[in-house]
Amino acid sequence: FYHYLLGQIFSDSQDFKSALNNFALASELVKQPAPFLHMRLAELRLRAGELETALAECEKALQSDPENQKIMLLRAGILDSLERSDEAIPLYRKLIEKNPGLSAPYLLLSTSYLRRKEAAKAIEVLEELNKRYPNDPT
């Protein structure tokens, strides 16, 4: 618990290296699944550019909380960053289906299609978002 709290303090003060070190120590000491801890580690590993390790932390988090939409979105974004859009796109679609009120999956899905040079699909996703929220300035 000590290292988890230190990790949180360091994270809040934007000392991400110390936060990562303390959350990693906390992770080693945890006996039961801790999806939030693994999600925090994934975010910090992503920030440090450790994409494969970040993805592994997401997988650990999803093992004990497989329907957590924040973790799913983080995993999809990491997969996209690893140029594994064929795995990320179905996750974005699943998130949109589960929670159509969440705009982030639409935007990230559109970006994923653009990276794949599939502009028509990207536009289709943005049009779908615009239909749901026609007056949203974002």
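**Close-up views of helix packing and salt bridges**

**View 1. Lys-60 counts as partly exposed, with a relative accessibility of 39%.** The model shown here and in the views that follow is predicted. Lys-60 forms a salt bridge with Glu-57, and their closest N and O atoms lie 3.8 Å apart. Glu-57, by contrast, counts as buried because its relative accessibility of 7% falls under the 20% cut-off. Both residues belong to helix H4 (residues 51–64), where they are three residues apart, about one turn of the helix. In general, residues three or four places apart point the same way, because an α-helix has 3.6 residues a turn. This salt bridge satisfies a rule by which the count comes to 11.

**View 2. A salt bridge joins the side chains of Glu-59 and Arg-75, at 2.5 Å from N to O.** The pair connects distant parts of the chain, with Glu-59 in helix H4 and Arg-75 in helix H5 (residues 69–81), 16 residues apart. Arg-75 has a relative accessible area of 17% and is therefore buried, the limit being 20%. Glu-59 is partly exposed because its relative accessible area, 29%, lies between the limits of 20% and 50%.

**View 3. Helices H4 and H5 cross at roughly 155°, and their axes come within 10 Å.** Since angles over 145 degrees count as roughly antiparallel, H4 and H5 are described in that way. H4 passes H5 in a left-handed crossing. On the H4 side, the contact is made by Leu-51, Ala-54, Leu-55, Cys-58, Glu-59, Ala-61 and Leu-62. The H5 side contributes Ile-71, Met-72, Leu-74, Arg-75, Ile-78, Leu-79 and Ser-81. Glu-59 and Arg-75, the salt-bridge partners of View 2, are thus both among the residues that make this contact.

**View 4. Helices H5 and H6 pack at an angle of about 155°, with 8 Å between their axes.** H5 and H6 are therefore roughly antiparallel to each other. H5 passes H6 in a left-handed crossing. From H5, the contact involves Gln-69, Met-72, Leu-73, Arg-75, Ala-76, Gly-77, Leu-79 and Asp-80. From H6, the contact involves Ser-85, Glu-87, Ala-88, Leu-91, Tyr-92, Lys-94, Leu-95 and Lys-98. Met-72, Arg-75 and Leu-79 of H5 take part in this contact and also in the contact with H4.

**View 5. The side chains of Glu-67 and Lys-94 form a salt bridge, at 3.9 Å from N to O.** Glu-67 lies in the loop between H4 and H5, whereas Lys-94 lies in helix H6 (residues 85–98), so the pair ties together parts that are 27 residues apart in sequence. Glu-67 counts as partly exposed at 41% relative accessibility. Lys-94 also counts as partly exposed, at 35%. A network of salt bridges links Glu-67, Lys-94 and Lys-98. Lys-94 and Lys-98 are, in addition, among the H6 residues in contact with H5.

**View 6. Helix H2 (residues 16–29) has 14 residues and reaches 20 Å from its first C-alpha to its last.** This span is close to the 20 Å expected at 1.5 Å a residue. The buried residues of H2 are Ser-18, Ala-19, Leu-20, Asn-22, Phe-23, Ala-24, Ala-26 and Ser-27. Among the elements that cover these buried residues are helix H1 (2–12) and helix H3 (35–47).

Technical notes. Residues are numbered from 1 along each chain as its sequence is written. This is a predicted model: local features need pLDDT of at least 70, side-chain atom pairs count only at pLDDT 80 or more; totals for chains, interfaces and linings use all residues. Side-chain values use heavy atoms; hydrogens and water are left out. Helices (H or I, at least four residues) and strands (E, at least two) are DSSP runs, numbered from the N terminus. The expected span of a helix is 1.5 Å times one less than its number of residues. Buried means under 20% relative accessible area, exposed over 50%, partly exposed in between (1.4 Å probe, protein chains only). Contact means heavy atoms within 4.5 Å. A salt bridge is a side-chain nitrogen of Lys or Arg within 4 Å of a carboxyl oxygen of Asp or Glu. Axes are lines fitted to C-alpha atoms, for helices over the stretch in contact, and angles run from 0 to 180 degrees between N-to-C directions. Angles under 35 degrees count as roughly parallel, over 145 as roughly antiparallel, 65 to 115 as roughly perpendicular and the rest as oblique. A crossing is left-handed if the near helix is turned anticlockwise from the far one by less than a right angle, and right-handed if clockwise.
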